[in-house]
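Hi,

Here is the structure I promised to pass on to you. Have a look at it first, and then read my notes underneath.

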Amino acid sequence: MLSVPELLAPAGSPEALKAAVAAGADAVYLGGKAFGARRYAANFDRGELGQAVLYAHKNGVKVYVTVNTLATDDEIQGIAEYLIFLSEIGVDAILVQDQGILSIAREVAPDLPLHASTQMTIHNTAGIRFAAEHGISRVVLARELPLEDIAAIGEVAKEYGIELEIFCHGAICYAYSGQCLLSSVIGGRSGNRGMCAQPCRKPYTLLADGDIVPMQGNYPLSPRDLCLYPYLKELCAAPVTALKIEGRMKTPEYVAVVTDAYRRALDTIAAGGNFEQEQETMEDLAFAFNRGFTRGYLMGDRGTTLINTKKPDNRGVYAGVVSGVDDRRGKVIVKIDGPIPDTGDGLVFRLAGREIGFALNKEPYLFPEGDAYKIPAPQEVLVGSELWITRRMKTERKATAILSRQIQGKIPLDITVGVNENGNLAIIGHGAAAVSETPMQNAQTHPITTEALEAQLRKTGGTPFVIRSITMNYDGTKFLPMGAINDLRRRFLSECSDAVTITPTRTHRPFVPKGTAVPERTEPLIQVYTDSIVAAKAAHTAGAGQVVYEGTDEIYDTPIIYKLPRILHEEELAKTLTKLPVSAAGIMVDSAGIAEEIKGIPKYGGSGLSITNARAAMVYGKTCRQVCLSPELSGKQIKSLMEHLAAYSHPPKTEVIVQGNLEVMITRNCIPATALGCRSCNQPWALKDGTGRIFRVRTDPNCCSHIQNAAEICLIEHVSTLARAGVSVISIDARGRSPEYIRRMISLYTAALEGENVRELKNQIREIASGRVTAAHYLRGVETQ
């Protein structure tokens with residue numbers, strides 16, 4: 001048997017868990033009622049979690065629990081207790097995003113395996129080294145990586161003993177996971193808290209220089225669903241340990257059909273067979289759920305092969321087009337160019353945005369030509385309408401059969417069989433042992449041969465076990481009734497079942513909170529972000545305490561902190577690290593592991609590090625002299641974080657962004673190119689949503705798109721409160737803005753720090769702001785329920 005990756009299936013509910021196990025998953029990932037990145041799934045309470053682990057382990061399936069949201073300081077105690085609970089019930093690993101949670105896990109449950117969630121945005125070898133140094137055993141890589149990057153990352157991962165996991169099927173985020181604030185700023189529902197409202201699935205209008213750009217559809221941010229089933233041979237050749245199916249909010253039927261399809265294909269590859277995609281299986285995958293399929297970034301899809309600009313939800317499967325109408329018989333003639341509709345299927349006819357749906361209650365009639373069918377249909381259906389199958393009874397019957405399937409053995413047993421000193425037949429293996437109730441007898445006529453005994457012992461149906469090898473220490477000359485042999489086998493397998501459900505012995509330590517202290521009031525310096533040399537020099541001349549420049553040119557006559565791109569794929573990382581400006585006053589990094597790669601230059605942590613608690617600040621503070629706090633924190637949460645941080649020795653300086661259009665999304669897909677094809681992106685781009693809000697879009701040389709919030713954050717009324725909380729740096733994000741904007745903002749915030757009337761100063765800010773101004777999350781924070 002060839003080695004194939006672990007098949008990891010979603011389990012958003014107890015019913016989906018059973019579907020995943022029945023369909024052949026090697027492992028499942030699921031979440032509790034809190035701290036997981038799918039808060040709207042059914043999820044599992046603590047009692048259900050314990051039962052889920054027991055059920056999965058009894059059937060040879062591993063359980064990984066998501067604890068992959070960002071945590072605030074008031075949640076740390078509860079999270080520590082939760083991690084100990086998860087370790088005690090024997091979960092096989094937890095998935096984490098937050099560096100604070102990661103540090104707590106290592107402290108209170110040091111034996112609990114840790115997986116880096118895709119929310120950690122690890123996308124290069126620097127991230128792999130960071131993971132290894134922080135006790136992580138597996139990394140779920142960013143979905144934006146091409147196969148060649150995974151190959152390069154795999155070499156380093158192998159060196160550090162890190163397993164790699166990638167997504168192979170299901171919905172994908174438009175932005176880099178863990179770096180998206182769009183849902184958060186629009187409605188307060190943060191993806192980093194498991195509450196994404198999926199604004200990428202909403203309609204938008206693309207603007208260029210303020211003018212509307214015609215697009216094929218109104219959904220430029222809505223990705224198709226990933227489907228790598230046809231490319232499993234390539235994935236099995238890649239250095240990945242696990243293939244992950246997305247879908248914790250999907251139905252058990254979806255989990256059953258998709259998991260079964262990938263299981264059968266992987267088993268074929270493992271057996272050395274010639275795997276070729278099956279058309280019927282592809283149809284089943286599409287009928288389970290699809291927004292149109294894409295090969296994803298992994299296989300090089302971009303633009304319209306990645307994005308479905310026409311429809312953001314489940315499409316069904318295209319079947320054909322109406323070529324004629326038989327009004328007298330109430331039927332239409334459909335030229336079939338896809339699966340043939342069957343009795344009981346749900347159908348919809350689509351034409352010019354108009355949809356007519358119904359259930360097919362009669363079998364279609366095939367025309368003599370062979371590719372056209374007469375189908376009963378409502379009278380309103382017109383020639384030229386597309387026929388889509390939205391519900392497939394055949395696929396639903398398959399799902400039902402999988403859900404009722406007897407679970408196949410997958411735990412291999414290597415056993416030894418022999419006769420003990422008392423003459424009893426004995427079986428030993430897998431930490432279990434059993435002996436026959438009565439001794440074996442000398443055979444009078446028909447002894448139990450070794451072949452017959454082995455055949456009987458290999459019957460493990462209805463259990464999670466399969467006999468891999470038998471060491472036979474029996475000469476085939478004795479006799480034991482067949483019923484006694486079967487009883488012995490059942491008792492041995494029962495012992496094995498008990499053995500696999502024993503929770504591992506792990507070390508657990510009580511959580512000792514660090515406590516709090518009163519931070520010293522600061523006189524915050526004003527830091528300015530900019531992306532032009534002229535603006536950087538203007539900021540310095542106008543009195544900015546620090547200037548952060550995001551650009552490719554070096555500025556020699558001004559002290560500059562150079563901001564590296566938030567995303568650096570492997571080739572980009574190598575080039576960037578060899579071209580660090582020698583005159584730099586500092587380097588700002590936005591992803592895990594980059595700071596550790598830079599030597600001899602002061603490092604600063606940017607907002608991309610997503611710091612929401614003091615522990616995370618201290619983790620990054622080991623390499624960064626200053627860290628930016630997450631823009632999703634409220635003023636109350638900032639105050640709490642600063643009080644907790646003050647209890648540590650030598651904490652880093654802290655930064656809060658107080659002004660500017662926050663970067664709320666970064667995506668590897670070029671938005672203008674999706675609409676117009678690859679072209680020059682130098683002109684101003686923007687997206688307008690259904691409420692009229694305009695989100696500026698900036699493209700970069702790596703073909704990433706950066707979306708900025710429609711409103712400017714403005715915390716000028718709160719700078720004195722931030723100073724009392726001990727915040728060291730207040731920042732103005734002036735990227736894309738003029739030198740005059742920078743000069744005025746520095747002047748206004750300087751005046752605020754000096755005690756001038758902040759309401760009047762805010763009125764002046766409104767005059768020059770891009771869009772309306774908002775206190776963002778400072779007053780209310782993000783939703784927590």
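Below is what turned up for one helix and one strand.

Before you dig in, keep in mind that this is a predicted model.

Let's start with helix 3, which covers residues 76-88. This helix has 13 residues, and from its first C-alpha to its last it reaches 18 Å, close to the 18 Å expected at 1.5 Å a residue. Which of its residues are buried? They are I76, I79, A80, Y82, L83, I84, F85, L86 and S87. As for what those buried residues pack against, look for helix 2 (46-58), helix 4 (99-108), strand 3 (62-67) and strand 4 (93-96). After helix 3 comes G90, and its phi is positive, near 90 degrees.

Now jump along to strand 38, residues 729-733. Five of its five residues are buried, so strand 38 is largely enclosed by the rest of the structure. In a regular strand, side chains alternate between the two faces of the sheet. Here, V729, S731 and D733 point one way, while I730 and I732 point the other way, and all are buried.

Which strands are joined to strand 38? One is strand 26 (residues 525-530), which runs parallel to strand 38 and is joined to it by five bridges. If you want a spot to zoom in on, I526 stands opposite I730 of strand 38. Another is strand 32 (residues 653-660), also parallel to strand 38 and joined to it by five bridges. In that pairing, Q659 has I732 of strand 38 as its bridge partner.

Have fun exploring!

Cheers

Notes. Residues numbered from 1 in each chain as written. Predicted model: local features only at pLDDT ≥ 70, side-chain atom pairs only at ≥ 80, totals over all residues. Heavy atoms only, no water. Helix = DSSP H or I, 4+ residues; strand = E, 2+ residues; numbered from the N terminus. Expected span 1.5 Å × (residues − 1). Buried < 20%, exposed > 50% of the residue type's maximum accessible area, 1.4 Å probe, protein only. Contact = heavy atoms within 4.5 Å. Pairing = 2+ DSSP bridges.
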